[in-house]
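Got your viewer open? Here is a tour, stop by stop, with something to select at each one.

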Amino acid sequence: MDLFVVERYGGDEQESQSDTHNTKTSHLERLLSKIENKKQQAAQLAKDEEERKQRKERKKQKLKTIKHEKPSVDKKKSIKTQRQEKKSKFNKESSLEVGGKFTVLGSDSLGSKKVKVKAQLPYWLANPSVVSVDLKNLTVTVDDIPQLNRDLIEKLKQNGIVNFFPVQHQVIPWLLEAQSKPPQFWPRDICVSAPTGSGKTFAFVLPIIQALRNRLIPHIRALVVLPVQELATQVYKVFLDYIGVTTLKAVCITGKESFQQEQSQLVRYSEADGKFHSCVDIVVTTPGRLVDHLQSTVGFSLCHLKYLVIDEADRVMESMQNDWLYHLDRHISSDNSRRVPPLTIRDISTRHPPPQKLLFSATLSQDPEKLQQLGLFQPRLFTSVINGTTPEESSSSEFIGKFTTPAELTELWVACELAVKPLYLYDLLTEGSWNTVLVFTNTTEGVHRLAILLKHMFKDKKSVSEVSSALQPKQRTKIFECFASGTINVLVCSDALARGIDVPNIDCVISYDAPKFIKNYIHRVGRTGRAGRNGTAITLVENRQMKKFENMLSQAGKQSMVKEKEVDPSKFEAFEDDYKSALTALKTELEREEEVRKQIRKKPKKYLQFKKKNLQSVSKPSATLTNLKTMSKKLKQLAKEKKI
């Protein structure tokens with residue numbers, strides 16, 4: 001029997017056998033768990049696939065049922081109606097959020113028709129004071145405006161003016177009332193858009209004279225800016241006629257006189273105090289000449305300016321010659337800003353009120369950006385309307401006073417062919433019982449050629465003349481006077497005469513060349529039918545120009561106002577021989593003029609001497625036929641004397 005039990009150490013082999021047994025057991029357990037997980041995943045996938053197949057089967061059955069059961073027409077309409085109601089409700093709610101005045105961007109659903117976004121005019125442009133265009137049934141007399149001084153009323157009566165036109169009896173009292181308020185109430189600016197010949201000039205001349213008549217010391221208090229010299233001279237004569245009953249002084253500076261003469265008329269130097277003093281109260285000028293004096297005339301001050309009148313405002317704004325508004329603002333305001341500052345208690349008590357701006361035109365721009373350049377202060381619009389349209393009937397995106405013409409004007413158009421266009425014109429001039437007719441062309445060269453042709457066709461039957469930018473102002477003025485007196489029956493001109501020039505008693509206006517723009521058309525036809533008198537305007541439209549002409553009229557809303565006049569071409573055979581002989585004479589005279597021009601180009605110094613001594617009225621080598629004939633005779637005489 002053993003007293004002790006001895007356990008012997010077996011070494012590393014015994015330990016490795018036990019570790020191997022444990023490892024095998026753990027691996028087996030992990031494999032069994034993975035197998036179980038895969039069985040569960042496979043069962044779940046099989047279940048999901050079965051559910052997917054069942055859903056697909058139910059969908060197929062549903063589609064088959066819908067195909068067999070077609071919806072009725074009423075059901076389709078109801079569904080469409082519900083969609084439209086939802087869409088209109090959404091748009092209505094969106095428009096209410098912004099006051100209902102603006103188009104909501106992004107409110108349309110996908111696939112629906114897009115709505116054009118319309119520009120929204122400022123409130124003062126969309127809601128003007130409406131002026132009547134009826135110039136015959138006048139009810140307001142010159143005695144009905146109590147603010148006017150008795151001297152001015154008597155002067156109006158002496159000139160045969162008993163009643164005021166609609167634009168006058170609305171604008172004049174409003175301007176006088178604005179100036180009668182205390183200086184703390186700055187006067188509002190106004191824009192007047194009324195037909196040509198409706199009396200816009202008196203609408204600013206009379207209130208200015210009335211407001212300035214009691215001044216003590218002469219200062220430039222009224223500045224009237226017009227686009228061309230002829231217009232400035234015309235307005236200046238109106239001022240001269242009515243300031244005769246006051247002590248006011250006016251001057252017209254347009255470049256007709258030398259710069260030094262104009263300076264002496266504007267300012268004078270006083271040796272007593274060593275300062276320059278103004279000589280006038282009212283200045284009528286053109287933009288370019290105004291800039292010249294603002295830059296070069298010492299003592300020319302506008303710090304007392306109360307009125308700034310811009311006649312034919314659309315053309316003045318388009319030209320912006322030498323940026324005259326910039327230079328003008330530099331002399332008026334200390335900060336060189338065109339914007340009127342916000343009214344505060346400090347500004348009202350310390351700042352001098354800005355000059356009241358008065359804009360007048362028959363084709364006033366509706367572009368707020370252009371009008372903003374003028375820095376208008378709380379502007380108000382007076383405008384005539386088309387076909388009785390009222391602000392309530394128009395939307396906030398429509399300018400109801402755009403492109404109006406006198407109610408007494410009859411507007412016609414004639415379809416013609418280019419080859420026989422002069423014959424259409426000759427037939428209209430022959431058959432019409434018009435004593436004075438204005439004929440417009442688009443170019444200066446066209447004016448000259450057409451005038452020569454008509455002279456040879458009419459011979460002694462009618463007196464024909466021409467006026468264009470090739471003539472000097474004195475020549476144009478003389479021709480206008482002869483035309484107004486009836487000495488000239490047919491006056492051929494370019495668009496230089498289309499704006500504002502008031503030649504009385506023009507019976508008819510014929511556009512030989514159709515105008516390219518609607519503004520040109522409005523100003524051309526506005527030369528007749530002025531101040532309540534009847535007038536006729538005819539436009540010759542070539543077949544290729546028909547569509548463009550109709551589109552142009554549609555811009556002004558005048559499609560129904562301009563009627564077609566039919567002319568029978570078979571009548572042209574009666575004066576076909578006269579037309580052929582006139583064409584031959586035209587060719588001969590144009591060749592003769594070209595020879596004279598060649599001689600002038602060869603001897604420019606001789607031409608300048610000749611012009612200075614003998615033909616001071618000639619402005620350009622391309623002058624009128626009468627001047628060229630005189631030049632030709634003189635040049636031939638000089639050639640015989642061997643001086644050329």
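Start by selecting V192 and F382: F382, in β10, is the bridge partner of V192. Those two belong to a pairing in which strand β2 (residues 190-193) and β10 run parallel over four bridges; strands here are DSSP E runs of at least two residues, helices are H or I runs of at least four, and both are numbered from the N terminus. Two strands count as paired if DSSP finds at least two bridges between them.

Before moving on, some ground rules. This is a predicted model, with local features needing pLDDT of at least 70, side-chain atom pairs counting only at pLDDT 80 or more, and totals for chains, interfaces and linings using all residues. Residues are numbered from 1 along each chain as its sequence is written, and side-chain values use heavy atoms, leaving out hydrogens and water.

Keep β10 selected and add strand β1 (residues 129-131), which is joined to β10 in parallel by three bridges. Within that pairing, V131 sits opposite S384. How many of the five residues of β10 are buried? Four of them are, so call the strand mostly covered; "buried" means under 20% relative accessible area, "exposed" over 50% and "partly exposed" in between, using a 1.4 Å probe and protein chains only.

Now step back along the chain to Q378, in the loop between α13 (368-372) and β10 (380-384). Check its backbone: phi is positive, about 45 degrees, although Q378 is not a glycine. At 45% relative accessibility, Q378 is partly exposed.

For another positive phi, jump to E312, a non-glycine at about 50 degrees. You'll find E312 in the loop between β8 (307-311) and α10 (313-319). Is E312 buried or exposed? Buried, at 6% relative accessibility.

Next, pick V251 in strand β4 (residues 250-253). V251 is buried, with 5% relative accessibility. Show its contacts (heavy atoms within 4.5 Å): leaving aside residues up to four places away in sequence, V251 touches Y236, Q265, L266, V280, I282, V283 and V284. Try a distance between the C-alpha atoms of V251 and V284: they are 6.2 Å apart, with their positions 33 residues apart along the chain.

On to the open sheet. Its seven strands pair in parallel, in the order β13-β14-β12-β15-β16-β11-β17. Color β13 (464-467) and β17 (563-564): these are the edges, each with a single partner strand, so one side of each has no neighbour in the sheet. Then zoom in on strand β12 (residues 437-440) and strand β15 (residues 508-511), a parallel pair held over four bridges. In that pair, F440 has S511 of β15 as its bridge partner.

Select helix α17 (residues 518-525) after that. Seven of its eight residues are buried, so the helix is largely enclosed by the rest of the structure. The buried ones are I518, K519, Y521, I522, H523, R524 and V525.

Two cysteines make a quick detour. C191 is buried at 0% relative accessibility, and C279 is buried at 17%. Searching the whole structure for disulfides (cysteine sulfur pairs within 2.5 Å) turns up zero.

Last stop: I35 in helix α1 (residues 12-68). I35 is partly exposed, at 45% relative accessibility.
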